[in-house]
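Biologist: Please take a close look at one residue and its surroundings, then work inward from there. Keep it brisk, and tell me how far I can trust what I see.

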Amino acid sequence: MEPPYFFLHIPRTAGTTINSILLQHFSSEEIINVYSQEEYQRHAYHTQDELKNIKFITGHLLLQQYDTPKIYDINIRVFTLLREPIARLISEYIFLRTWKNNHLYTLLNDNNISFAEYVSSNEKILRYRGKNFITRCLVGKDIGNSAYPQSALEQAKYNLQNVFCFFGIQERFTESILMLGKEIGVKNLLHLKRNALNKKSTTIHISDDEIQLAVQLNKADRELYEFACTLFAQRVHHLGPQFQAYARKFAILNEKYQKIAGLLARQEHISEGSDIFLPKDGLW
């Protein structure tokens, strides 16, 4: 029996969209979802017998073991999506400041925590969020708050290339989802964007100085991202011009799909007189 897939969902990397595509291809008995506090508690432990029919695990979780990837003491096939680190951090900060149902909304707003404070804080609940968070996710251990943890960075590069069965790049989402679909065996990949920020709805300002601070605190993540982009480009090139042509056609098709879905949603809104929105379900 093949090991289940595990989606290591790094926040603000189009993971909710990925889940919306993949979850429909498995039955509820084949899935473990770990996002809410209740789900963390429910899935804190599983017996081998409870896991025998599981095919897909997804959540804001680190691996139990990385050299041979495991969760719940079982082998898994792990994949993830990466995003430019500073853009990801800015998106995460704005999301947490503006979505009232997340566990940091009150803390960030009642204390008027700036972006600079968010990335540099040494408070327990924030200390790891703004400092090479992606590198930390790909090695699964405390790497300290050094701006350039060399050994962890090299291990993260190795894991990404040799341990993960797949990784994608959010900025190249179409190619990523097509390659992931081939890896998992999913053919229906048409999708709507989920959980995207509405940039026009926020007045939160982040200064150039704050962005430069984030750059200084995330040197390892930035190098890891550049390494991942180079490796991803090589893999796309290896698939040849036929794949690249198909990716362009799929992007056009999916854009049309999104427009039709948007029209249907607006028509439903008009007929029912109620708001239409996508749930923001996913917390780190």
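**From one tyrosine to the core**

Modeller: Tyr45 is exposed, with a relative accessible area of 64%. Exposed means over 50% relative accessible area, buried means under 20%, and partly exposed is in between, with a 1.4 Å probe and protein chains only. Before going on, note that this is a predicted model: local features need pLDDT of at least 70, side-chain atom pairs count only at pLDDT 80 or more, and totals for chains, interfaces and linings use all residues. Residues are numbered from 1 along each chain as its sequence is written, and side-chain values use heavy atoms, without hydrogens or water.

Tyr45 sits in the loop between α2 (37–42) and α3 (48–51). Helices (H or I, at least four residues) and strands (E, at least two) are DSSP runs, numbered from the N terminus. Leaving out residues up to four places away in sequence, Tyr45 touches Glu50 and Tyr72. Contact here means heavy atoms within 4.5 Å. Tyr72 lies 27 residues from Tyr45 along the chain, yet their C-alpha atoms are separated by 7.1 Å.

Now go inward, to strand β6 (residues 77–82). Five of its six residues are buried. β6 has a parallel partner in β1 (residues 5–8), joined to it by four bridges. Strands count as paired when DSSP finds at least two bridges between them. Across this pairing, Leu8 stands opposite Thr80. β6 also pairs with β7 (residues 166–169), again in the parallel sense and over four bridges. There, Phe79 has Phe166 as its bridge partner. In a regular strand, side chains alternate between the two faces of the sheet.

Phe79 leads to the largest nonpolar core, which has 61 residues. Such a core is a set of buried Ala, Val, Leu, Ile, Met, Phe, Trp, Tyr and Cys residues joined through side-chain atoms within 4.5 Å. Phe6, Ile18, Leu22, Phe79 and Ile177 touch the most other members. Helix α11 (residues 219–272) gives the most to this core, with 10 residues. Another core, of 19 residues, lies apart from it and includes Ile86 and Leu217. Back in the 61-residue core, Ile18 is in contact with Phe7, Phe79, Leu81, Phe173, Ile177 and Leu180, leaving aside neighbours within four places in sequence.

Several of those names recur in helix α9 (residues 173–184), where nine of the 12 residues are buried. Among them are Phe173, Ile177 and Leu180. The 12 residues of α9 should span 16 Å, and its end C-alpha atoms are 16 Å apart, which agrees. The expected span is 1.5 Å times one less than the number of residues. After α9 comes Gly185, with a positive phi near 90°.

Looking for disulfides? There are zero; one would need a pair of cysteine sulfur atoms within 2.5 Å. Cys137 is buried, at 1% relative accessibility. Its sulfur is 17 Å from the closest cysteine sulfur, in Cys165, so no bond can form.

Finally, trust. The mean pLDDT of the chain is 91, and 92% of residues reach 70 or more. pLDDT is the predictor's confidence in each residue, from 0 to 100. Residues 270–284 stay under 50. Where pLDDT is low, the predicted coordinates should not be read in detail.
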